Amino acid sequence: MTASDGLPPLRDVVARHGLEPKKALGQNFLYDLNLTGRIARAAGPLEGVTVVEVGPGPGGLTRALLAEGAARVVAIERDPRALPALAEIAAHYPGRLHVVDADALAFDPRQLVGSGPARIVANLPYNVGTALLTGWLDGEVWPPWWDQAVLMFQREVAERIVAGPETRADYGRLGVLCGWRTEADILFDVSPSAFVPPPKVTSSVVRLVPRAQPLPCRAKALEAVTRAAFGQRRKMLRQSLKALTPDAGALLAAARLSETARAEEVPVAGFVDLANLWDAHRNAGTAVTAPA
Ligand SMILES: C[S@@+](CC[C@H](N)C(=O)[O-])C[C@H]1O[C@@H](n2cnc3c(N)ncnc32)[C@H](O)[C@@H]1O
């Protein structure tokens with residue numbers, strides 16, 4: 001029996017290639033091509049687009065991306081057991097699937113995406129998902145090489161990605177970095193029963209679209225300020241920012257933030273101000289001065 005794309009059902013592919021899911025690799029596979037089709041369409045239309053997929057595994061999402069018309073899929077997979085299954089998909093879609101046998105944390109896909117539009121679509125391994133996302137948000141050059149990212153995370157991580165000060169418990173470093181450079185939305189949830197094996201928690205598909213002109217700020221400075229601020233999130237910023245500067249009070253005043261503000265109350269623009277002021281302070285080697 002074959003699936004509607006003409007390739008064998010994923011369950012058979014996994015059995016034939018001995019691809020038993022490994023927990024250490026964050027392997028929770030999707031076998032339902034209707035669901036992977038829905039994820040691919042969330043990133044569409046894909047005609048003329050190069051898609052970078054991290055962790056194709058047996059290829060359920062890869063197949064959907066190709067069936068939905070992606071010009072090319074660059075699929076980065078660190079489990080060599082998946083390579084024969086992916087080779088079958090590559091043969092079915094000649095010239096359109098480029099499999100990279102690598103750790104996505106250590107591989108820069110820019111060298112393979114060319115000059116046309118590129119998009120990231122992935123059911124991410126849960127253990128490295130946020131590290132990959134922060135890597136894609138990082139860097140001094142913006143807009144980035146991708147024009148959209150459609151990514152599956154655990155629901156709890158998805159909520160942190162889209163959080164702002166109004167959703168205090170979830171708001172943190174990840175929400176500031178994502179909110180600064182992208183517009184991020186949760187598109188839909190996916191129940192544990194959709195995966196093999198089922199994870200303990202619900203997952204969510206998130207879409208991130210890069211802002212054309214995020215507030216000017218150095219990414220590394222924003223990362224440093226949010227790390228200090230949310231590292232001790234229950235403390236007032238005048239205390240937690242002392243990890244960065246002895247002039248924390250003056251830094252807050254210069255950013256026109258309250259003496260008693262806590263990290264979870266400060267919007268993205270407030271953190272951008274703090275990061276820029278901290279940078280200016282360090283470059284000048286002077287104390288931060290509060291506005292008159
Ligand atoms: C959640 S599974 C998703 C598999 C497939 N895309 C699907 O939806 O059924 C995550 C995949 O990422 C792969 N993976 C884990 N860590 C990786 C890494 N650092 N670099 C590349 N792939 C990785 C795993 O081997 C696995 O195939």
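This tour moves from the central sheet to the helices on it and then to the salt bridges.

**Before you start**

This is a predicted model: local features need pLDDT of at least 70, side-chain atom pairs count only at pLDDT 80 or more, and totals for chains, interfaces and linings use all residues. Residues are numbered from 1 along each chain as its sequence is written, and side-chain values use heavy atoms, with hydrogens and water left out.

**Stop 1: the sheet**

Show the strands (DSSP runs of E, at least two residues, numbered from the N terminus). An open sheet of 7 strands appears, in the order β4-β3-β2-β5-β6-β9-β7, with mixed pairing. Two strands pair if DSSP finds at least two bridges between them. Select 97-101 and 182-190 for the edge strands, β4 and β7; each pairs on one side only. From one strand to the next, the twist averages 25°. Angles run from 0 to 180 degrees between N-to-C directions, with axes fitted as lines to C-alpha atoms, for helices over the stretch in contact.

**Stop 2: β6 and β9**

Select 149-154 and 203-210. These are β6 and β9, an antiparallel pair with 6 bridges. Zoom in on Met152: Val205 in β9 stands opposite.

**Stop 3: helices on the sheet**

Helices are DSSP runs of H or I, at least four residues. Select 129-137, helix α6. Helix α6 lies across β2 (50-54), β5 (118-123), β6, β7 and β9, and runs at about 150° to β6. Next, take 173-181. This is helix α8, packed on the sheet and touching β7 and β9 (contact means heavy atoms within 4.5 Å). The direction of α8 makes about 115° with that of β7.

**Stop 4: salt bridges**

The whole structure holds 13 salt bridges. Each is a side-chain nitrogen of Lys or Arg within 4 Å of a carboxyl oxygen of Asp or Glu.

- Select Asp108 and Arg110. Their side chains meet at 2.8 Å, N to O. Asp108 is partly exposed at 30% relative accessibility (buried means under 20% relative accessible area, exposed over 50%, partly exposed in between; 1.4 Å probe, protein chains only).
- Go to Glu156 and Arg160. The closest N and O atoms of this salt bridge are 3.1 Å apart. The two sit 4 residues apart in helix α7 (155-162), so about one helical turn separates them.
- Pick Arg218 and Asp279, a salt bridge at 2.9 Å, N to O. Arg218 is in the loop between β9 and α9 (219-231), and Asp279 is in helix α12 (268-284), 61 residues apart. Arg218 is partly exposed at 31%; Asp279 is buried at 10%.
- Finish on Arg155, Glu159 and Asp189, linked in a network of salt bridges.
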